[in-house]
Structure formats: C-alpha cells, structure tokens
Amino acid sequence: KAVVSTQSTGYVQDASSHLQVAVTTFSRQTQLIDNVIRRIAPNVVVRGDFSCDTTHKGVPKEGKQTHIHSVMDEVCKKGERYRADQVLLVDDQQNNVRTAVHYGSYGLVFHGPSCLSALDRPLPPSPSIIPCLCHS
C-alpha cells in the first residue's frame, strides 16, 4: 500500500543518492507480502502491523509512524542513519501522509501511477505534502 523511501540529496530520482525503499502495510498478510517483495527486490524492507517494534518511547502510534521508525531502526543497524526530514511516505491514505508530514517527513498521497511524476521535481525545502496535480 505504501512506500517509504529515504533520500539524502533532495531529489528522489538522483542516481547518486542512496535510496532505501520500504513497503509498509496494515495488511495482516505481511509475511506473504515480504516473501513476494524479497523475490523481486531483496533489499526492500517490509513492515506491517505485526512486524513493527512499537516499544520505543516517544514513537507516535498514529499513521505509519511505527512502521517508519521500524524501518529507520533496521537501516541504522546497517550503519546508515536518517532523519525524519529525509523520509518520503507515499501512501493512498491522506491521513497517513498528513501524520508523516506532521512528524517531519515528506509525503505524497498516491492517487495512481501518474502521481509519481510529482517526484520528478525537487522536493520542497521543508517537509510537506508534495502536490499531485494529476489523478488517475
């Protein structure tokens, strides 16, 4: 349902930046999703309702914040560090996107594949909802 990607240059599609992609879902079939994703993209992290460690103090339980923090914890174990303002949540639920932006990340409400063209432009200077002018 959603992709969380972190980037460090301000351009999501800048090939020189390191890009970590994760799939976050509220589906109860997280293991199935993880198995499928790993076959086609083994470096993608999958987080679902029951695979998020929500024991961290101060991690909001709203939206997909526990998912985002769980992904950030995993990449941190690999020696990489990201801040909330280096995270982009692409999600089909506006509430999840608003929550991510509220907590300092970028967000894009996904209305269909044509919305991804919004990522061809530089990100705004501060975390906000990236406007998607085309709906499919």
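**Figure 1. V109 in strand β5.** In this predicted model, V109 is part of strand β5. Its relative accessibility is 9%, so V109 counts as buried, a term that needs a value under 20%. Leaving out residues up to four places away in sequence, V109 touches D91, D92, Q94, V97, C115 and C132. Look for P131 as well: 22 residues separate V109 and P131 along the chain, yet their C-alpha atoms are 8.2 Å apart.

**Figure 2. The largest nonpolar core.** Let's stay with strand β5 for a moment. Ten residues make up the largest nonpolar core of the chain: L88, V90, Y106, L108, C115, A118, L119, L123, I130 and C132. Two elements, β4 (87–91) and β5 (106–109), each give two or more residues to this core. Another core, of seven residues, lies apart from it and includes M72, V75, V87 and A100. C115 and C132, both members of the largest core, are also among the residues that V109 touches.

**Figure 3. Helix α3 and its buried face.** Which residues of α3 are buried? They are N96, V97, T99 and A100. Viewed down the axis of α3, these buried residues fall within an arc of 160°, so they line one face of the helix. The face turned away from that buried side carries N95 and H102, which are exposed. Cover for the buried residues of α3 comes from elements including α2, β4 and β5. Just past the end of α3, G104 takes a positive phi of about 100°. This is a good helix to zoom in on, since α3 (residues 94–102) has the highest confidence in the chain, at a mean of 93.

**Figure 4. Helix α2 from end to end.** Helix α2 runs over residues 65–77, which makes 13 residues. From first C-alpha to last it reaches 18 Å, close to the 18 Å expected at 1.5 Å a residue. Its buried residues are Q65, T66, H67, I68, S70, V71, M72 and V75. Two of these, M72 and V75, belong to the seven-residue core that lies apart from the largest one. Just after the helix, G79 takes a positive phi of about 90°.

**Figure 5. Q65 and Y103, a pair in contact.** Are these two residues buried or partly exposed? Q65, in helix α2, counts as buried because its relative accessibility is 3%. Y103 sits in the loop between α3 and β5 and, with a relative accessible area of 32%, is partly exposed. Setting aside neighbours within four places in sequence, Q65 is in contact with V59, P60, T99, A100 and Y103. On the same basis, the contacts of Y103 are P60, E62, Q65 and A84. P60 therefore appears in both lists, and T99 and A100, which Q65 contacts, are buried residues of α3. Y103 and D85 are 18 residues apart in sequence, with 8.8 Å between their C-alpha atoms.**Figure 6. Helix α1, with one side covered.** In α1 (residues 30–40), the buried residues are T30, D34 and I37. Seen down the axis of α1, they fall within an arc of 70°, so they line one face of the helix. An α-helix has 3.6 residues a turn, so residues three or four places apart point the same way. On the face of α1 turned away from the buried side are the exposed residues Q31, R39 and I40. The elements covering the buried residues of α1 include β2 (20–24) and β3 (45–47).

**Figure 7. Strand β1 and the low-confidence stretch.** Where is confidence lowest in the chain? It is lowest in strand β1 (residues 2–6), at a mean of 45. Over residues 5–16, pLDDT stays under 50, and the model has 32 contacts beyond four places in sequence for this stretch. Where pLDDT is low, the predicted coordinates should not be read in detail. For the chain as a whole, pLDDT averages 77, and 77% of the residues score at least 70.

**Figure 8. The whole chain, for orientation.** Here the close-ups can be put back in place. The chain has three helices and five strands, following the pattern β-β-α-β-α-β-α-β along the sequence. Of its 136 residues, 41% are buried. Among contacts with a separation of 6 or more, 37% come from residues 24 or more positions apart. The chain exposes about 7,700 Å², with carbon and sulfur atoms supplying 55% of that area.

Technical notes. Residues are numbered from 1 along each chain as its sequence is written. This is a predicted model: local features need pLDDT of at least 70, side-chain atom pairs count only at pLDDT 80 or more; totals for chains, interfaces and linings use all residues. Side-chain values use heavy atoms; hydrogens and water are left out. Helices (H or I, at least four residues) and strands (E, at least two) are DSSP runs, numbered from the N terminus. The expected span of a helix is 1.5 Å times one less than its number of residues. Buried means under 20% relative accessible area, exposed over 50%, partly exposed in between (1.4 Å probe, protein chains only). A nonpolar core is a set of buried Ala, Val, Leu, Ile, Met, Phe, Trp, Tyr and Cys residues joined through side-chain atoms within 4.5 Å. Contact means heavy atoms within 4.5 Å. Accessible areas come from the Shrake-Rupley method with a 1.4 Å probe; for residues, only the protein chains shown count as cover. pLDDT is the predictor's confidence in each residue, from 0 to 100. The arc is that of the directions from the helix axis to the C-beta atoms.
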